[in-house]
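This report goes through the packing and the strand pairing of one protein model. Please keep the sequence and the structure open while reading.

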Amino acid sequence: MKKMRLLFALILLAVCFTNCKNSSEDYIDPRGTDYAGSESCIQCHKTQYDMALKSSHFKATAPASLENVLGDFDKGNHTFIYDKNTKLVMEKRGDSLFQVLYKNGKEVESHRFDIVFGIKHAQTSVYWRNNNTYELPLSYYSSIHNWATSPGFPADKPYFDRMVVKDCYSCHASNASKQNGESKFSRAKYDVNGC
């Protein structure tokens, strides 16, 4: 049944992209002229557009704002202990959220939540560095209502260098650009959602 729903959604999106025109003169889709854009869909397909906004696929990625990030940043469930000297703490700093590494009580490094992947069962986050994105070592899991290591990350030491490659974005976003023969994701062109 899940596969049938996914197939129907993909067919609907394909029809949307091939039959819709962008009639708004001022609207420029961040993905370029190959895409009709969400605004063009709403004109003829408001019901489907509204349903798509609530779908898991639309919410597969989102900017990491206070409203979009699952998990606790203020209470007791915001610290992951690696060993007696090393811990990773989820911290709110102004309007931004961070994973902050402490060793022997001193801050060693911090990385801001920039993009979140997932919304229902678990949520993994990435941060920007040198026009690339890197996965943060901790994810939030709804089943345990707490933070734990991101899939494939070690539980005995923090690791901040796992680059998120284009293949990840092909399922979780509507645009990823390639520059200079390397996978790079431009902040200006990145669109995490869309029809």
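Does Asn131 count as buried, partly exposed or exposed? In this predicted model, Asn131 counts as partly exposed, because its relative accessibility is 47% and that class covers values between 20% and 50%. Asn131 lies in the loop that runs between strand 7 (122–129) and strand 8 (132–135). Its phi is positive, near 60°, although the residue is not glycine.

Asn104 also has a positive phi without being a glycine, here about 50°. This residue is found in the loop between strand 4 and strand 5 (106–112). Asn104 is exposed, since its relative accessible area is 58% and the class begins over 50%.

His78 is placed in a loop as well, between strand 1 (61–63) and strand 2. His78 is buried, because its relative accessible area of 18% falls under the 20% limit. Beyond its neighbours within four places in sequence, His78 is in contact with Asp72, Phe73, Leu88, Val89, Met90 and Trp147.

The three loop residues are listed below.

| Residue | Loop | Relative accessible area |
|---|---|---|
| His78 | between strand 1 (61–63) and strand 2 | 18%, buried |
| Asn104 | between strand 4 and strand 5 (106–112) | 58%, exposed |
| Asn131 | between strand 7 (122–129) and strand 8 (132–135) | 47%, partly exposed |

Next comes the pairing of strands. Strand 2 and strand 3 run antiparallel and are joined by four bridges. Two residues make up the link in the hairpin that connects strand 2 to strand 3. Across this pair, Phe80 stands opposite Leu88 in strand 3. Strand 3 is also joined to strand 4, antiparallel, by eight bridges. Here Val89 stands opposite Val100 in strand 4. Strand 3 and strand 4 form a hairpin with two residues between them, and Gly94 in the turn has a positive phi of about 65°.

These strands lead to the interior. The largest nonpolar core has 19 residues, and those with the most contacts inside it are Val69, Phe73, Phe113, Leu138 and Trp147. At least two residues of this core come from each of strand 2 (79–83), strand 3 (86–93), strand 4 (96–103) and strand 9 (138–141). Apart from this core lies another, of five residues, including Ile115, Val126, Trp128 and Val164.

Leaving aside neighbours within four places in sequence, the residues in contact with Phe113 include Val69, Phe73, Met90, Leu97, Phe98, Val126 and Trp147.

Definitions and conventions: Residues are numbered from 1 along each chain as its sequence is written. This is a predicted model: local features need pLDDT of at least 70, side-chain atom pairs count only at pLDDT 80 or more; totals for chains, interfaces and linings use all residues. Side-chain values use heavy atoms; hydrogens and water are left out. A nonpolar core is a set of buried Ala, Val, Leu, Ile, Met, Phe, Trp, Tyr and Cys residues joined through side-chain atoms within 4.5 Å. Buried means under 20% relative accessible area, exposed over 50%, partly exposed in between (1.4 Å probe, protein chains only). Contact means heavy atoms within 4.5 Å. Two strands pair if DSSP finds at least two bridges between them.
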